[in-house]
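Trainee: I would like to take a close look at a single part of this protein before turning to the rest. Could you begin with one residue and then set it among its surroundings?

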Amino acid sequence: MHRSFRLCSAYLTRGFLNWSLCILFIFLPNVIVPQYNYFHFKMKVKVLSRNPDDYVRETKLDIQRVPRNYDPTLHPFEVCREYTRALNATKMDRVFAKPFLASLDGHRDGVNCMAKHTKSLSTYLSGSCDGEVKVWNLSKRECLRTIQAHEGFVRGMTVRFCGTSFFTVGDDKTIKQWNMEPPGYGEAEEPLNTILGKTVFTGLDHHQKEGVFATCGQQVDIWDEKRSSPIRSFTWGVDSFSSVRFNPVETELLASCASDRSIVLYDMREAAPLKKVIMTMRSNTLCWNPMEAYYFTSCNEDYNLYTYDMRYLNQPVTVHADHVSAVLDVDYSPTGREFVSASFDKTIRIFPKAAGRSREVYHTKRMQHVICIKWSADNRYILSGSDEMNIRLWKANASEKLGVLSPRETEATNYRQKLREKFKHFPQIRRIAQHRHLPKALYHQSLELRTMKEACRRKEKNVRTHSKPGSVPVLSEKEKHVVSVVK
C-alpha cells in the first residue's frame with residue numbers, strides 16, 4: 001500500500017492521473033496496479049480538421065463563403081428570427097420611403113390633362129389651361145417642345161396607337177392632329193389636321209388598333225381620322241359628358257361619364273348605347289383595367305372610387321374610400337393590380353384593385369389640387385399635374401432603390417418583401433407599415449368625415465329601431481350609391 005501511495009504521488013506530480021484514480025490505486029493495489037508498466041496506456045484524441053479551400057477566399061474581391069445547413073430540425077427558432085427580420089425590413093421600408101423624384105416646371109397655367117406615349121417610355125405630353133401643349137423627356141427631365149395648340153383650356157389629349165402623332169381638343173371647338181416629330185429648322189409649328197366642331201369638346205381618346213378616335217361634349221362622337229365629320233354619334237338624353245375611354249382589351253367597347261350622374265357603356269358596332277348606371281353623385285372620369293376586360297374604375301364627387309364589372313352594374317365590385325374631397329382623375333398600372341387617383345384634397349393615393357383602403361398617400365407642401373394623373377408604362381413611376389403649374393414625378397413604390405441592382409441586392413430585396421408579406425398581419429408590423437403622416441388640415445378633415453359617417457350610421461340605426469319591421473331596409477355600402485341601371 002505504501003508502494004502504491006508512492007507511485008500515485010509520483011504520477012500526480014507529473015500530471016498523469018487525477019485524485020479519483022489515485023484512491024483506487026491506493027486501496028486496490030493488487031487488482032489495478034499489479035505492475036508498474038501497466039500505467040503506459042494508449043489515449044484516443046479527437047481534433048478538428050478543416051480544409052482552408054472550403055472557407056478562405058482566394059482574393060479580397062471574392063464573396064465570403066457562408067456554410068449553411070437547411071435542416072429544419074437544427075433551426076428551432078426560425079420563425080422568431082424571421083419575425084425579427086420582417087420587423088426590421090418594415091422599419092427600413094418606412095425609413096427609405098422617399099417617393100418624390102422631380103418637378104417639371106414650365107407651364108404658365110394649371111396643368112389640365114396629360115398623355116402617355118404609346119411607344120416611348122420617356123416621352124410624355126401635357127396640356128395646360130392656357131392652351132399650351134408641352135412634350136417632355138423624362139429621362140433628361142426637360143421640355144422638348146412647346147406648342148400653342150388652342151385658345152382657352154386644353155380639355156383632352158391622346159397619342160395615336162402607332163406613336164407617330166397625337167390629338168388635342170380644346171375650348172375653341174377644334175380637334176387638332178400634331179406630328180410627334182418636331183418641325184425642321186425655320187419651319188412653323190402647324191397641325192397635320194384640324195377639325196372644327198359644333199360644340200366644345202371635353203374629352204378625347206384613341207382606338208387601340210385602328211385610325212378611329214372618340215370625343216365627348218354634348219354627345220359622344222366616333223371619328224375617322226380621314227373624315228371631317230363623325231361616323232357615329234351617341235346620345236341618351238344627357239346634357240353633357242366629361243370623359244370618354246376606349247377599352248384596351250375589348251377595343252370596340254367604350255364608356256363615358258355624363259353630367260346626369262350616369263356612366264354609359266357603348267359598342268362602336270351598335271347604333272345605340274348599351275346601358276348605363278345612375279349613381280347618387282356625378283362621376284368625373286373613369287379608367288379601364290388593362291388586364292381584365294370587364295372591369296373599370298370611376299372617380300366620383302362623393303370622395304370615393306368605384307370599381308364595376310360591366311356585366312353586373314347593379315352594385316360596384318369594390319368601393320375605394322380614403323380621400324376627403326372630390327376625386328378628379330384615375331389611372332391603372334400596366335399590370336392591372338393597382339391604380340392611382342388624384343383628388344381635390346391635394347393628395348395622390350395608390351389603391352390595390354380589390355382593396356377598399358389605399359396603401360400609399362403622396363403629398364407635398366406646395367402641391368395644390370391635383371387635376372390629372374398617369375401611371376408610367378414600365379410600372380415604376382407616377383406623374384401628377386396640379387393647379388400650381390407643375391408636373392411631379394413620383395416613385396410607384398416609395399422605398400424602391402433606383403438604378404442598377406446587383407444580384408445580391410435583388411435577392412435581399414425580394415427576401416425582405418416576402419418576409420413583410422408573410423408577417424403583415426402581425427399587430428406591430430401592421431401598425432408600422434400602415435402609418436402615414438398627413439398634413440394637419442387633411443388629418444382633421446378625415447376625422448370630421450369619419451364622425452359624419454358614424455352619425456349617419458347611428459341615425460339610420462335609430463330610424464330602423466323605431467320604425468315598422470321591414471319598412472327601412474338594410475343596405476350595404478355598395479348598394480347605397482347606385483340609384484338604378486337603365487338598359
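In this predicted model, is Arg-392 buried or exposed?

Mentor: Arg-392 counts as buried, because its relative accessibility is 5% and the limit for that class is under 20%. The model is predicted, and what follows should be read in that light.

The side chain of Arg-392 has a charged partner. Arg-392 and Glu-388 meet in a salt bridge, with 2.2 Å from N to O. Glu-388 is likewise buried, since its relative accessible area is 18%, a value that also falls under the 20% limit. In general, side chains of opposite charge can pair when their charged atoms come close.

The next residue to consider is Met-389. Met-389 lies in the loop that connects strand S27 (381–386) to strand S28 (390–395). Its phi is near 75 degrees, which is a positive value in a residue other than glycine. Met-389 has a relative accessible area of 32% and is therefore partly exposed.

A second charged pair involves the loops that precede S27 and follow S28. Glu-400 and Arg-380 form a salt bridge through their side chains, at 3.2 Å from N to O. This pair links distant parts of the chain, 20 residues apart: Glu-400 sits in the loop between S28 and helix H5 (407–422), while Arg-380 sits in the loop between strand S26 (370–375) and S27. Both partners are partly exposed, Glu-400 with a relative accessible area of 24% and Arg-380 with one of 26%.

These two pairs can be placed in the wider account of charge. The count for the model comes to 24 salt bridges. One of them joins the side chains of Arg-145 and Glu-189, at 2.5 Å from N to O. Here too distant parts of the chain are linked, 44 residues apart, with Arg-145 in strand S5 and Glu-189 in the loop between strand S8 (174–179) and strand S9 (193–196). Arg-145 has 7% relative accessibility and so counts as buried. Glu-189, by contrast, is partly exposed, with a relative accessible area of 30%. Elsewhere, salt bridges form a network that links Glu-460, Arg-464, Glu-477 and Lys-480.

Arg-141 offers another case of positive phi. In Arg-141 this angle is about 60 degrees, although the residue is not a glycine. Arg-141 belongs to the loop between strand S4 (132–137) and strand S5 (142–148). Its relative accessibility is 44%, so Arg-141 counts as partly exposed.

Charge on the surface should also be mentioned. Asp-53, Asp-54, Glu-58 and Asp-62 gather there in a patch of negative charge. Asp-53 is located in the loop between helix H3 (29–32) and helix H4 (78–95). With a relative accessible area of 55%, Asp-53 is exposed. The loop between H3 and H4 also holds Met-43. Together with Val-45 and Val-47, Met-43 forms a nonpolar patch on the surface, and the accessible area of the three comes to about 390 Å². Met-43 is exposed because its relative accessible area is 69%, while the limit for that class is over 50%.

Nonpolar residues in the interior complete the picture. In soluble globular proteins, nonpolar side chains tend to be buried together. The largest nonpolar core of this model has 16 residues, of which Ile-263, Leu-265, Trp-288, Phe-296 and Tyr-308 touch the most other members. At least two residues of this core come from each of strand S15 (253–258), strand S16 (262–267), strand S17 (275–279), strand S18 (283–288) and strand S20 (304–309). The greatest contribution is that of S15, which gives 3 residues.

Two separations may help with orientation. Phe-201 is in the loop between S9 and strand S10 (203–206), and it counts as buried because its relative accessibility is 4%. From C-alpha to C-alpha, Phe-201 and Lys-116 are 20 Å apart in space, with their positions 85 residues apart in sequence. Val-472 is in the loop between helix H7 (440–465) and helix H8 (477–480), and at 24% relative accessibility it counts as partly exposed. Val-472 and Thr-307 are 165 residues apart in sequence and, C-alpha to C-alpha, 27 Å apart in space.

To return to your request, Arg-392 is a buried residue whose side chain meets that of Glu-388 in a salt bridge.

Conventions:
Residues numbered from 1 in each chain as written. Predicted model: local features only at pLDDT ≥ 70, side-chain atom pairs only at ≥ 80, totals over all residues. Heavy atoms only, no water. Helix = DSSP H or I, 4+ residues; strand = E, 2+ residues; numbered from the N terminus. Buried < 20%, exposed > 50% of the residue type's maximum accessible area, 1.4 Å probe, protein only. Salt bridge = Lys/Arg side-chain N within 4 Å of Asp/Glu carboxyl O. Patch = residues over 30% accessible without salt bridge, like charges linked within 9 Å, V, L, I, M, F, W, Y side chains within 5 Å. Areas by Shrake-Rupley, 256 points an atom, 1.4 Å probe, with all protein chains shown as cover. Lys, Arg positive; Asp, Glu negative; His and termini not counted. Charge placed at Lys NZ, Arg CZ, Asp CG, Glu CD. Core = buried A, V, L, I, M, F, W, Y, C linked by side-chain atoms within 4.5 Å.
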